[in-house]
Amino acid sequence: MDLNQIVFGVYPYIALATLALGSVIRFDREPYTWRTGSSQLLRRKQLVTGSILFHLGVLMIFAGHFVGLLTPIVVWDTLGVSHGAKQMLAIVAGGVAGLFALVGGGLLLHRRLFDPRIRKTSSFGDTAILAILLTQLVLGLSTIPLSLQHRDGHEMVKFMNWAQGIFTFRAGAADFVADVHWVFKAHLALGLTILLVFPFTRLVHMLSAPVWYLNRRGWQLVRTRRALPRKPEALAPTYAQSAPALPTARSLEAAE
């Protein structure tokens, strides 16, 4: 088995299995770690703009990859969408979304690296996964000039056949991407690696939806700095007569 078969024929199943099982196990055993760990209280600057651009771009990219790669080719042919038109749509929409995510992710990484308080409270995983995502975005944008050299959509069909072959357990799926440019291969391999480490990072919040809060009674803990009157039941109890003192050793000796 050559390297191409290992990376694009075996590794995808390892990454997808780890993604599914790891996410379930983490949600079951460590539910309180299922969060993003927001740093808004430490520094709001750059967070809002960076977060909006990053999440908007990533959601657009995810939707584009999911629909573009996993929709059967016969569906596009039935709709009358040519491979060339789909290729240009992917280039334009993916390029815009990639730039949004790259700019937003750059702002988020900058504040995480150069703000002393945020850097001190950030874990290695927080910074590393953001750097990996930015590297993946750069690789994705780097494929655009290569894709423009194949405007007929021939190269795009290879990736569609590969992805659909993996999800349908088709033998020989790795052969579809055996002769593509190394930038495409690096983009695919790093994407699989992101799926592999997904359950062990803050990315798990992408699988969350606040449905449990719909039937939950709201409450809020309020603390005040005002001096409030003490409640009567909170005061120490008083007695009419004080309790008799216990005899000491000296008083016993005097009595004898």
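Me: In which helix is His65 found, and what makes a run of residues a helix here?
Reply: His65 is found in helix H2. Helices (H or I, at least four residues) and strands (E, at least two) are DSSP runs, numbered from the N terminus. The model is predicted, so local features need pLDDT of at least 70 and side-chain atom pairs pLDDT 80 or more, while totals for chains, interfaces and linings use all residues. Residues are numbered from 1 along each chain as its sequence is written, and side-chain values use heavy atoms, leaving out hydrogens and water.

Me: Why is His65 called partly exposed?
Reply: The relative accessible area of His65 is 39%. Buried means under 20%, exposed over 50%, and partly exposed in between (1.4 Å probe, protein chains only). The value for His65 falls in between, and therefore His65 is partly exposed.

Me: What makes His187 buried?
Reply: His187, in helix H8 (residues 182-197), has a relative accessible area of 16%. This is under 20%, so His187 counts as buried.

Me: Which residues do His65 and His187 contact, and how is a contact recognised?
Reply: Contact means heavy atoms within 4.5 Å. Leaving aside neighbours within four places in sequence, His65 is in contact with Leu70 and His187. On the same terms, His187 is in contact with His65, Gln136, Leu139 and Gly140.

Me: How do you know that H2 and H7 are roughly perpendicular?
Reply: The axes of helix H2 (residues 47-70) and helix H7 (residues 154-167) cross at roughly 85° and come within 8 Å. Such axes are lines fitted to C-alpha atoms over the stretch in contact, with angles from 0 to 180 degrees between N-to-C directions. Under 35 degrees is roughly parallel, over 145 roughly antiparallel, 65 to 115 roughly perpendicular, and the rest oblique. The crossing angle lies in the range 65 to 115, so H2 and H7 are roughly perpendicular to each other.

Me: Which residues meet where H2 contacts H7?
Reply: Gly68, Leu69 and Leu70 of H2 meet Phe159, Met160, Ala163, Gln164 and Phe167 of H7.

Me: What makes a set of residues a nonpolar core, and which residues have the most contacts inside the largest one?
Reply: A nonpolar core is a set of buried Ala, Val, Leu, Ile, Met, Phe, Trp, Tyr and Cys residues joined through side-chain atoms within 4.5 Å. The largest has 16 residues, and Phe8, Phe159, Trp162, Val177 and Leu188 have the most contacts inside it. Helix H1 (3-29), H7 and H8 each supply at least two residues of this core.

Me: Why is the aromatic pair of Phe8 and Trp162 called edge-to-face?
Reply: The structure holds four aromatic pairs. In the pair of Phe8 and Trp162, the rings are 6.4 Å apart centre to centre, with 85° between the planes. Rings of Phe, Tyr and Trp (its six-membered ring) pair if their centres lie within 6.5 Å; planes under 30 degrees apart are stacked, over 60 edge-to-face, and the rest tilted. The angle is over 60, so the pair is edge-to-face. Phe8 lies in helix H1 and Trp162 in helix H7, so the pair ties together parts 154 residues apart in sequence.

Me: What makes the pair of Phe159 and Phe184 tilted?
Reply: Phe159 and Phe184 are 5.0 Å apart centre to centre, with 40° between the planes. That angle is neither under 30 nor over 60, so the pair is tilted. Phe159 lies in helix H7 and Phe184 in helix H8, so this pair ties together parts 25 residues apart in sequence.
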